[in-house]
Amino acid sequence: MVGLPVEVMLDKKQARKKLRELRSWMPGLHIFEVNGKEYRVMVINVEIFSQPGGGYFSRLLDDEGRVIIPVSDLKALTTICDIGFHTNDVLSAQGAEIVLTNAPIAMRMGEINKLAEQTNS
C-alpha cells in the first residue's frame with residue numbers, strides 16, 4: 001500500500017497514471033541495508049490510498065485486515081491530520097467512510113469551512 005497526496009487521489013487520471021508507474025517497478029524482491037543489516041522485502045502487489053486515509057485505516061485494521069477497535073469507536077467521527085513537508089491534509093471519517101477532506105480542490109470549493117464546523121474549529 002502506497003500513500004499518495006489527497007490531490008493526486010482526487011484526480012482519477014493522475015492517480016491511475018501514478019499506480020501504473022508504481023506497478024512498473026515495485027513488484028519483486030528488494031534488497032537493502034540499514035545500519036549494516038541486510039533486509040529483503042518481496043512486493044507482490046501495489047495499491048494506492050490517500051495518505052491521511054491510510055493513517056485512518058491503519059488505526060482500524062490489523063495486518064490481516066481485521067477491525068481491531070471497538071465498534072463504538074468506529075461509529076465516532078474521527079479526524080486525521082497528516083502533516084507533510086509542504087502540506088497539511090485533513091480527513092474526517094465516520095463508520096469507516098471518508099466524509100470530508102481538505103484537499104486543495106476541496107478548499108477552493110469551501111469544504112474546509114464544513115470541516116471546521118464539524119470539528120468545532
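**Confidence, fold and local features of the predicted model**

Residues 105-109 have pLDDT under 50 throughout, and the model gives this stretch six contacts beyond four places in sequence. Where pLDDT is low, the predicted coordinates should not be read in detail. The structure is a predicted model. Over the protein chain, the mean pLDDT is 80. A value of 70 or more is reached by 83% of the residues.

The protein chain holds six helices and seven strands. Read from the N terminus, the order of elements is β-α-α-β-β-β-α-α-β-β-β-α-α. The chain has 121 residues, of which 26% are buried. Contacts were also sorted by separation in sequence. Of those between residues at least 6 apart, 38% join residues at least 24 apart.

Helix 1 spans residues 6-10 and includes Val8. Val8 has a relative accessibility of 11%. This residue therefore counts as buried, the limit being under 20%. With residues up to four places away set aside, Val8 touches Gln14 and Ala15. Lys18 lies 10 residues from Val8 in sequence. The C-alpha atoms of Val8 and Lys18 are 8.5 Å apart.

Strand 2 covers residues 28-34, and the loop between strand 2 and strand 3 contains Asn35. Asn35 is not a glycine, yet its phi is positive, at about 50°. Most residues other than glycine have a negative phi. The relative accessible area of Asn35 is 80%. Asn35 is exposed because this value is over 50%.

The model contains one aromatic pair. Its members are Phe32 and Tyr39. Their ring centres are 5.8 Å apart, and the planes meet at 20°. The pair is classed as stacked because its planes are under 30 degrees apart. Phe32 has a relative accessible area of 38% and is partly exposed. Tyr39 is also partly exposed, at 33% relative accessibility.

Strand 3 runs over residues 37-43, and Asn45 sits in the loop between strand 3 and strand 4. Asn45 has 49% relative accessibility. Asn45 therefore counts as partly exposed, since exposed requires over 50%. Leu22 is 23 residues from Asn45 along the chain. The C-alpha atoms of Asn45 and Leu22 are separated by 10.0 Å.

Strand 4 comprises residues 48-50 and includes Ser50. The relative accessible area of Ser50 is 10%. That is under 20%, so Ser50 is buried. Neighbours within four places in sequence aside, the contacts of Ser50 are Leu4, Val6, Met9 and Leu91.

The largest pocket has a volume of about 160 Å³. Its lining consists of Phe57, Ser58, Leu61, Asp62, Asp63, Glu64 and Gly65. By class, the lining divides into three charged, two polar and two nonpolar residues. Gly65 is counted as polar because glycine is placed in that class. Asp62, Asp63 and Glu64 are among the lining residues, and Asp and Glu count as charged.

Key:
Residues numbered from 1 in each chain as written. Predicted model: local features only at pLDDT ≥ 70, side-chain atom pairs only at ≥ 80, totals over all residues. Heavy atoms only, no water. 1 Å grid on protein atoms, 1.4 Å probe; cavity = no way out; pocket = protein on both sides within 12 Å on 5 of 7 lines; lining within 4 Å. Points joined across faces, edges and corners; volume = space filled by probe spheres on them. Phe/Tyr/Trp six-rings, centres within 6.5 Å; stacked < 30°, edge-to-face > 60°. Buried < 20%, exposed > 50% of the residue type's maximum accessible area, 1.4 Å probe, protein only. pLDDT = per-residue confidence, 0-100. Contact = heavy atoms within 4.5 Å. Helix = DSSP H or I, 4+ residues; strand = E, 2+ residues; numbered from the N terminus.
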